[in-house]
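Open the model in your viewer and keep the sequence panel at hand. The stops below go from single sheets to an aromatic cluster and then to the pockets.

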Amino acid sequence: MSDDDEQNEQPERELNLLDLPIEIFLHICSFLDASSLVHGLSLTCKQFHQILNDDSIWKVRISQIWPNAGYPMLPPAESDELFWKLSCVAVEKQARMWKNKDLERIWLSNVHYSNIDCLLLMRKGSICISGGRDRSLVLCRLSSEECPENESFVAGNAHDGWIWDLTAIDDTIYSCSWDKSIKAWSMTDAGLIPLLTYETTVTAALLCATSCPERALFATGSQCRTVTVFDSRGHTPIVKYQPHHGAIIRIAMNTNYILSASEDKTVNIWDQRAGRTLKSITISKESFPHSMCLKDDIVYIGDSSAKLHILDPKQDFELVKSFKTEHEKNITGVHVDAGCLITSSLDRTVKISSPTDPPQLLNSLQYNYGEIANIDYLNEVLAISGTDSIEIWRPKVRTKCS
């Protein structure tokens, strides 16, 4: 065989994904979930990263899940390069989970003997802390692969009055009560250990609490219309003001603002940097705000007539949208993130919807223990409280003995 013949008989190179036209490559990608594409395939090589870095790919995928709604509810920040990728991952994950039947429900029915008005999920949803009108705090370690049984630790007589709300900074829990005090507790393997009692000098019950871990601050709202702000490293209030003409029902804060919702039908926005009220907004002339969720880019408020109201922090907290929900009574809890919108109501239902304009229903859960007082949601774990019992919804856990 001549040298020319040997050169002509070079072995054929096998085709791989790098050789495919972009249209074919994207068609293959359509059979993979967004998480595999973002956290796997796009990190394989520069070519895949460049192709999958196009926002239009993720916008199309989201629109296929919610074809008749706008996502997100409000325009995203233009500087966030990862917004559409990570949003698509969250949207697909939540839609798949709540439409999937592979969920388990856990009943915590012997932890309190009266209404359970506050809930707090901690440590990626593995721990549920609750406070009730029996004046006790309960830390429940939920079952896991290592421990197939729920384990509860009770702090009896934690307050001298009904415990109405909980918040946290790292592993320190703060509880507020009708006894006009707020207490700090250390979360340990043996339960909740009392650390400190903060006297607020208010003249009526404390109805709500919130925290800003980034600044080590927490705040309470009272029946006597007072907001009190504490530095967790100190013992006395650092700010105290009265922004309302009625009891403060809900309170939320971030590094810049404190939002308080009142029976006087207004939401007050307090500018922490300026030390004054930025504005006060009347949500509705017929109903009052009953629940609130504050994110840096959006605020959701649920009211006593089962409506949701949207405030835009980027537009000085203007009231930009209002929706009638499928609930029939007061919205007692609201949670929103990139993948889902969760609301609870006195009508004994929890609605899981899309965080779109308008919201579209994913699933509806029926609570079997009276009217719903509160909800919390963390790391795909949903906790619901009402009369005597707590319900936990989460993806099924496979224990080592199962």
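Two strands count as paired here if DSSP finds at least two bridges between them. By that rule, select strand β7 (residues 172-177) and strand β8 (residues 181-188): five bridges join these antiparallel strands. One of the bridges can be picked out by residue, since Cys 176 has Ile 182 in β8 as its bridge partner. The model is predicted.

**Whole chain**

Zoom out to the full protein. The C-alpha trace spans about 105 × 55 × 40 Å along its principal axes. Secondary structure comes to six helices and 28 strands. Of the 402 residues, 53% are buried.

**The sheet β6 to β9**

Return to β7 and β8 and add the strands β6 and β9. Together the four make an open sheet in the order β6-β7-β8-β9, with antiparallel pairing. β6 and β9 each have a single partner strand, so each edge strand has one side without a neighbour in the sheet. On average, neighbouring strands of this sheet are turned by 25° against each other, direction ignored.

**The sheet β10 to β13**

Next, select β10 through β13. This is an open sheet of four strands, ordered β10-β11-β12-β13 and paired antiparallel. Its edges are β10 (206-212) and β13 (237-241); each has a single partner strand, so one side of each lacks a neighbour in the sheet. The twist from one strand to the next averages 15°. Now narrow the selection to β10 and strand β11 (residues 217-222), which pair in the antiparallel sense over six bridges. Within this pair, Thr 210 stands opposite Ala 219 in β11.

**Aromatic side chains**

Show the side chains of Tyr 174, Tyr 198, Phe 218 and Phe 230, which form one aromatic cluster. The count of aromatic pairs comes to 16. How are the rings of Tyr 198 and Phe 230 set against each other? Their centres are 5.2 Å apart and their planes meet at 65°, so the pair is edge-to-face, the cut-off for that class being over 60 degrees. Tyr 198 lies in strand β9 (residues 191-199) and Phe 230 in strand β12 (residues 227-231), so this pair links parts of the chain 32 residues apart.

Are these two residues buried or exposed? Tyr 198 has a relative accessible area of 2% and is buried; Phe 230, at 0%, is buried as well. The limit for buried is under 20%.

**The largest pocket**

Switch to a surface view and find the largest pocket, with a volume of about 1200 Å³. Select Leu 120, Thr 167, Thr 210, Ser 211 and Asp 376: of the 39 lining residues, these are the closest to the pocket centre. Thr 210 is the residue already seen opposite Ala 219. Elements giving two or more residues to the lining are β2 (116-122), β6 (163-169), β10, β14 (248-253), β18 (289-294), β22 (331-336) and β26 (374-378). Coloured by class, the lining shows 20 nonpolar, ten polar and nine charged residues.

**The second largest pocket**

For the last stop, select Asp 117, Arg 133, Trp 164, His 290 and Ala 373. They lie nearest the centre of the second largest pocket, which is lined by 22 residues. This pocket has a volume of about 470 Å³. Its lining divides into nine nonpolar, eight polar and five charged residues.

Definitions and conventions:
Residues numbered from 1 in each chain as written. Predicted model: local features only at pLDDT ≥ 70, side-chain atom pairs only at ≥ 80, totals over all residues. Heavy atoms only, no water. Axes fitted to C-alpha atoms, helices over the stretch in contact; angles between N-to-C directions. 1 Å grid on protein atoms, 1.4 Å probe; cavity = no way out; pocket = protein on both sides within 12 Å on 5 of 7 lines; lining within 4 Å. Points joined across faces, edges and corners; volume = space filled by probe spheres on them. Nonpolar A, V, L, I, M, F, W, Y, C, P; charged D, E, K, R; others polar. Phe/Tyr/Trp six-rings, centres within 6.5 Å; stacked < 30°, edge-to-face > 60°. Buried < 20%, exposed > 50% of the residue type's maximum accessible area, 1.4 Å probe, protein only.
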